[in-house]
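Reader: I am in my first year and still learning to read protein structures. Please take one part of this one and go through it closely, then set it against the rest of the chain.

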Amino acid sequence: MENPTAAAVAGPVTIIHHTTAFLSKALSSPELRNHLLALLHGGGRTHFAAGRRLIKPYGLALEAVEKATAATNLAVQSSSLAVAEKLLLSCPTTTPFSSFLLSLIYSLVNQPVKAAAAVLCLFRLSPSAARSKIAPDLFQELFLVHLLPALRWFEDRRSAILSGTTAEEPPAMKVLSEMSGVQAKELKVLEGIYEDVLNENCRVFADYLIDEVLSSGGGGDGSTAVGRPPPPVVLRISKAEELGAEFGRSSSSGAHNQTLMADFDSLLLSNKHSPPPKDFVCPITSNIFADPVTLETGQTYERKAIQEWLDRGNSSCPITRQNLTSTLLPKTNYVLKRLIASWLERNPVSSPSVETPPRRKRSAVESPNSVIAAAAAVDGSVAELRHAINNLCMSEILDESETAVLTIERFWQEVKRSKNLGFDVQSMLARPAVVSGFVEILFNSVDPTVLKATVFLLSELGSRDKSVVQTLTRVDSDVDCILALFKKGLLEAVVLIYYLLTPSSSPGDLVEMDMVEALVAVLRRKESDMLKMCMKPRTAAVLLLGQIMGTGEEGAVEAIVKGDVVAAIVGSLESESAEERVSAVGILLKCMKEDGTCRNTIADKAELAPVLESFVGGGDGEKFEIICFLSELVKLNRTTFNEQVLHIIKDEGTFSTMHTFLNYLQIAPVDQSPVLAGLLLQLDLLAEPRKMSMYREDAIDTFISCLKNSEFPAAQVAAAKTIVALPGRFNASGKSLTRAFLLKRAGVEKSYRSLTQTDQHTGLLYGETEEIEERAAEVWDMKMASALVSHEFGAIFEVLAEGMKSRNSELQSACFVSASWLVHMLDILPDTGIRGAARVCLLKRFVAIFKSAKDSEDKVLALLALKSFLNDPEGLQDLNNYMKDIKKGLRELRKSCSLAFEVLKVLSEGRDNSAELWNHKELVQVDCCENGEVLSIAYFKDKIISGHSDGTMKVWTGRGSVLHLVQELREHTKGVSSLVVPQSGDKLYSGSLDRTARVWSIVGDTLHCMQVHDMKDHVHNLVVANSISCFIPAGAGIKVHSWSGKSKLLNSGRYVKCLSLVQGKLYCGCHDSSIQEIDLATETVSFIQSGYRKLIGKVSPVYALEVRDGLVYSAVSPLDGAAVKIWSASNHGQVGALATTQEVRTMAVSSELIYLGSKGGTIEIWDRKKHIRVETIQACTNSKVISMAVDGNEEILVAGTSDGWIQAWGLS
């Protein structure tokens, strides 16, 4: 038989032509050159600079070559190359690296024959790398034609194996899907033998081609003819000698085929139970490598084992004992890992528990298709798939591997469409080596289409075969790579991540992976823009996000709301997957609780029928989450919308929602019952209230039993909080407004405004008027309160009263608000006698809270409830019995809460005096007689300032029942007649008979004089406003003094006794009993009371004058009738009088009381509203009260007397 290769053998000229083209390309491209050097030296590293350390001669030779390629001087270039050649030839052994360097040197010095021989030497030293990675073009041009017999032999053997599948030759995909495991294993062994055959023939033909080139010397006539015939193809490899039988020596092809079959079968059998090669076993652990790393000494170890060796302080190689230059371990030896993976597939019994190692980056080199792929392409889809898998696992060319992935993905899609996906196809792709090949693509490819196809295939396999998931999760770096791609935008990877993480990872682990933003990106992407996978990417994202949010991860809700994906998650409520629906419920529930602004969106878009179906089939935990979700959903800031949602919950679904909820309420865990009862009660009240309703009765009974059950405090708190929310008033964030609305009803609106400040825009958005909403809210409020208080004649009050005693602050607060609301509603609801039950249970508790609460709002709430009992005669009587306990609190609230004044008014109605409300107790008295009369007293920043007739000023602090003197000043030389604190309260002014006025500030506990003004006259009764001051001089009239130094005299025809300045109006009380009002802006004078002279005796001057709240209070001699008259500041008409018989010399007015200091040393206290005297206190016996002041809280009165005493009284 004629050798078919003889006519196709290349001659010396052709060989030199192709090798010269290859070397020219390498010399012209530094990147390609460095890449090839890296492959030859470092096993496939993409950057030569990052490779292993070079043997010294190689390093020097490489440096010389690089210098020569960059040199422009021919002499320098020639010298450098000569040195490099000598260095390489001096090495004891020839390596692929040194051969390639020599080929570059010979090419640069124009020795093409030697260059060609050096290049061809690569195919002898490293045939696999040379034909697939280093010089695939040369392999195709010079070697491939010689190997056609090997290709035919391979195809014959493969066909023989596949021919046993069926009698008829089925379609390609059917053959592959029906292939047995034994056949797959035989094919794998055949491929291994074929690889060995190719390697051996490369070596043989490389020697032949080198001889051809060297024998010709590169000269001749240019003929391409060969000098001798090529060697025959080797098709049989001996295990002992790795030598082959010659193809052309057998007398018949049939006998030859039988011999090959026998050799193949014997090799197949011999591989079944062979022990692992020693190079596959770690010398430290004695186990097959899972993650091999090769040190700079050339020794390979298991990564974990060598890392432990180094962690113990060692810095040398365990076997060679050579010191390591670095203790940082290199990257994984992936060549060895692939060999191990291939061996393990052929020997599964030998090492059943060996882990499949991960794969890492490899270089992408543009090259023609490999021999295997080229041969396989002719055999249809089956061969195409088989060789695609081969290329994925074995090829070092990235393009080939990427093409293989797309081929496999196309095949998978076709088989899925034909619904003929056999178990064997799946198991073939699920092999660890194939999975590792897919992962390597994820590490290296940057093609989005390839990456999507890869995660698609891995997701498909992982969803069907748990072993794929186990293979992927054995090495953390593989999972990290998939996560990194997902976060960078490969959103389809979310499905694969779900399959990888959900079986083994805890929610806490998912949180640490920080992928919330990427999950949100999946939800933001349209489904039409994503691959159609075994699970929808959106489904996987919702399921993963649900697990993450279950941990309470901070920031997740913010990412969802800002990412505008709430509507997408709402869409998952309609999913066919119950698991996805429940997960979406959990996410949306968390969103509503943390950021209630999304509640309207959810309520507007949610389809609740699938959610209710999930409730029927769910477990206790899932049912409770759905109940909480529905309960949160009806916390909208519009009552009408809440009722619409409640109607949907009640009417949706194929079953009776209320009946289902009632059945579950009867068996639900205690801590879940209150929320469910609250929802059931709201659903029941949608219809007109009925006298009897089993839903309502069971719901309220649940509240009562939970509040009574002290063994479950969480259930107690949940029941109380649920009742608080039942009035149905919420702000835009879903916060209950029950407490704030009750405070608003009591006249304290601050909390309500604060909670509803963003609600106005929401109201405009939905077009609802406030009147309609408020009416709907009032109707709902009444229906709910009526249902609760009517149950078993107010049984709810008893348990709320017990809860108000609790030491649990949450329970106490919620019960207090609930009780306040229900008692307040008794004022609105028809009286059915329930108020008496509420009073018996709660009145004492409300009084206790009102008396002891430190929070003023708590006092107001308690007072609102107490007011409801005032409409009942028995309640009024009970409150009168507690008058001593509540009157102090009423006084404290009267300025900030109008309700306190109303209650005070009711409690004092019909009494002759209000002495019980206004008792004063003497606190302290101090003797300052050595300083003369106490002419003036003022409160300034919690300090008492006194002015004396000898010019002394004293600063006091009140602690307990003692006045402590903290400072004594003698800046004035004569009596301090006036102490004034303006409305701003930031300064103190003092006026003196020494003709000066001083301005003071206080630092710490001491006064500091800031300014001194020369008033040029005695200063009596100083008053201050803004930039001016007014005072009574020694003569007639009133001096108006500007702080700039200017002054003028007003009302010069009158001798003024007292002054008061309010809002630019100056009020003057004169010696002739007249009272004038002077407008300082226009200087116009109008009379409030005209003066007069007696025919006999002295005139009666106006001794004291005070202006407050539009009323003018003047004090004159009691001989003229009423000693104190009250005038309207607006129309100057008299509106009242105080019938005191005392000679009033000074006066102080608070919001509720009038204090009259008399010449006889007594102080009368009058009710400002009723004009009745409530108390008289004795300040002194032989002197008169000449100065008084009331503190800012109106709790303390301080008075100064003419004999030098200072006294203080407090409201008791």
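In which sense do strand β12 and strand β13 pair, and over how many bridges?

Author: This is a predicted model, and what follows describes that model. Strand β12 covers residues 1020–1025 and strand β13 covers residues 1028–1032. The pairing between β12 and β13 is antiparallel and runs over four bridges. To find a place to look, start at Val1024, which stands opposite Ser1029 in β13. The two strands form a hairpin, with two residues between them. One residue to pick out in the turn is Asn1026, with a positive phi of about 55 degrees.

Now the rest of the chain. Its secondary structure amounts to 48 helices and 30 strands. The chain has 1212 residues, and 53% of them are buried. Its exposed surface is about 53700 Å², of which carbon and sulfur atoms supply 50%. Take the contacts between residues at least 6 apart in sequence: 59% of these join residues at least 24 apart.

A record adds a label to part of the sequence. The unreviewed UniProt entry carries the annotation "repeat: WD" for residues 969–1002 and 1185–1212. In the model, residues 969–1002 are 53% strand and 0% helix. The C-alpha atoms at the two ends of that stretch are 13 Å apart.

Next, the interior. The largest nonpolar core has 196 residues, and the members that touch the most others are Phe629, Phe661 and Phe846. Helix α43, residues 809–825, gives the most to this core, with 10 residues. Leaving out neighbours within four places in sequence, Phe629 is in contact with Leu573, Val585, Leu588, Leu589, Met592, Ile602, Leu608 and Val611. Another core lies apart from the largest one; it has 65 residues, including Leu40, Tyr106, Ile161 and Leu209.

Last, a single residue. Leu102 sits in helix α5, which spans residues 96–108. Leu102 has 10% relative accessibility, so it counts as buried, the cut-off being under 20%. Beyond residues up to four places away in sequence, Leu102 touches Glu85, Leu88, Leu89 and Ala118. Lys86 is 16 residues from Leu102 in sequence, and their C-alpha atoms are 9.9 Å apart.

Notes: Residues are numbered from 1 along each chain as its sequence is written. This is a predicted model: local features need pLDDT of at least 70, side-chain atom pairs count only at pLDDT 80 or more; totals for chains, interfaces and linings use all residues. Side-chain values use heavy atoms; hydrogens and water are left out. Two strands pair if DSSP finds at least two bridges between them. A nonpolar core is a set of buried Ala, Val, Leu, Ile, Met, Phe, Trp, Tyr and Cys residues joined through side-chain atoms within 4.5 Å. Buried means under 20% relative accessible area, exposed over 50%, partly exposed in between (1.4 Å probe, protein chains only). Contact means heavy atoms within 4.5 Å. Accessible areas come from the Shrake-Rupley method with a 1.4 Å probe; for residues, only the protein chains shown count as cover. UniProt positions are given in the numbering used here, feature names are shortened, and annotations may be inferred rather than shown by experiment.
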